Amino acid sequence: MLTKASAVATTLLGGCVVPGPPELEEEPRVPPIINAFDVQPELRQVHEVRPNETIGFRVLVLSNPADGLLFAGLYRDYGYTTAERVDDQKPEPAAEGSHREIEFAHTFNEESDGCYPFTLLVTHLDNTDTGFQVVDEADVAMVTWWFSVDADEFPNQFHACVRGDGT
């Protein structure tokens, strides 16, 4: 049983230790999120286009404003040896809890007859190297559209989306 004197002595000698405040840890980065339900053009179909036709791409992106600027790159043939970045932007993130609209337009004037994937990658700007290549794939959102370029005067309605390299 503690006496009054031993309780005072314990208190004076630091017998009651309260831990300091917890270490503040940096919040983990959340990758951008593309709202796949509100993407234009539609993702679930192959789009027939003619040479010199311009198509508008639009996505809504949700990201944490504290994570900084975004990088949005539109690529033709992403993942293939023929991959080419056809356009890019460095948009500000939207305010907390809202979406940022990202838009691109592409004119099909370099593509010959065939099928082409167009992929939009969205990441944080500091997740790219000096050539704007993605450093960490875990910090990326992406969507891919497929386009069949048909230069025939009377397009074949059953034109299969088969690339020249057999894919």
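**Sheets, a buried histidine and salt bridges**

H47 counts as buried, because its relative accessibility of 12% falls under the 20% limit. The description given here refers to a predicted model. H47 belongs to strand β2, which covers residues 46–49. A polar contact links the side chain of H47 to the backbone oxygen of E42, at a distance of 2.6 Å. With neighbours within four places in sequence set aside, the residues in contact with H47 are P41, E42, W145, W146, F147 and S148. Of these contacts, W145, W146, F147 and S148 fall within the residue range 140–149 of strand β8. E42, whose backbone oxygen is reached by H47, counts as partly exposed because its relative accessibility is 32%.

The chain as a whole contains 1 helix and 8 strands. Read from the N terminus, the order of elements is α-β-β-β-β-β-β-β-β, and the helix, α1, spans residues 4–12. The chain has 167 residues, of which 32% count as buried. Its accessible surface amounts to about 10700 Å², with 55% of this area belonging to carbon and sulfur atoms. Where contacts join residues at least 6 apart in sequence, 69% of them link residues at least 24 apart.

Strand β2, which holds H47, takes part in an open sheet of 5 strands with mixed pairing. The strand order in this sheet is β2-β8-β7-β4-β5. Its edges are formed by β2 and by β5 (84–89), each of which pairs on one side only. On average, and with direction ignored, neighbouring strands of the sheet are turned by 25° against each other. Within the sheet, β7 (residues 114–124) and β8 (residues 140–149) are paired in the antiparallel sense over 10 bridges. In this pairing, W145 of β8 is the bridge partner of F118. W145 is also among the residues in contact with H47.

A second open sheet is made up of 3 strands in the order β1-β3-β6, with antiparallel pairing. The edge strands here are β1 (33–34) and β6 (100–107), and each pairs on one side only. Strand β1 is joined to β3 (residues 54–62) by 2 bridges, the two strands running antiparallel. I33 lies opposite L62 of β3, and I34 lies opposite V61 of that strand. On the other pairing in this sheet, β3 and β6 are connected in the antiparallel sense over 8 bridges. Here L60 has E101 of β6 as its bridge partner. In regular strands, side chains alternate between the two faces of a sheet.

Charged side chains were examined next. Side chains of opposite charge can pair when their charged atoms come close. The model contains 10 salt bridges. One of them is formed by D126 and R29, with the closest N and O atoms 2.8 Å apart. D126 is located in the loop between β7 and β8, and R29 in the loop between α1 and β1, so this pair ties together parts separated by 97 residues in sequence. D126 counts as exposed because its relative accessibility is 57%, whereas R29, at 33%, counts as partly exposed.

Another salt bridge joins the side chains of E42 and R44, with an N to O distance of 2.7 Å. R44 counts as exposed because its relative accessibility is 76%, whereas E42 is partly exposed at 32%. E42 thus appears in two kinds of interaction: its side chain meets R44 in the salt bridge, and its backbone oxygen is reached by the side chain of H47.

K90 and D88 also form a salt bridge, the closest N and O atoms being 3.2 Å apart. The relative accessibility of K90 is 39%, so this residue counts as partly exposed. D88, at 23%, counts as partly exposed as well. In addition, R76, E84, E110 and E111 are joined into one network by salt bridges that share partners.

Note on methods:
Residues numbered from 1 in each chain as written. Predicted model: local features only at pLDDT ≥ 70, side-chain atom pairs only at ≥ 80, totals over all residues. Heavy atoms only, no water. Pairing = 2+ DSSP bridges. Helix = DSSP H or I, 4+ residues; strand = E, 2+ residues; numbered from the N terminus. Buried < 20%, exposed > 50% of the residue type's maximum accessible area, 1.4 Å probe, protein only. Polar contact = N/O pair within 3.5 Å; in protein donor to acceptor, adjacent residues only side chain to side chain. Contact = heavy atoms within 4.5 Å. Axes fitted to C-alpha atoms, helices over the stretch in contact; angles between N-to-C directions. Areas by Shrake-Rupley, 256 points an atom, 1.4 Å probe, with all protein chains shown as cover. Salt bridge = Lys/Arg side-chain N within 4 Å of Asp/Glu carboxyl O.
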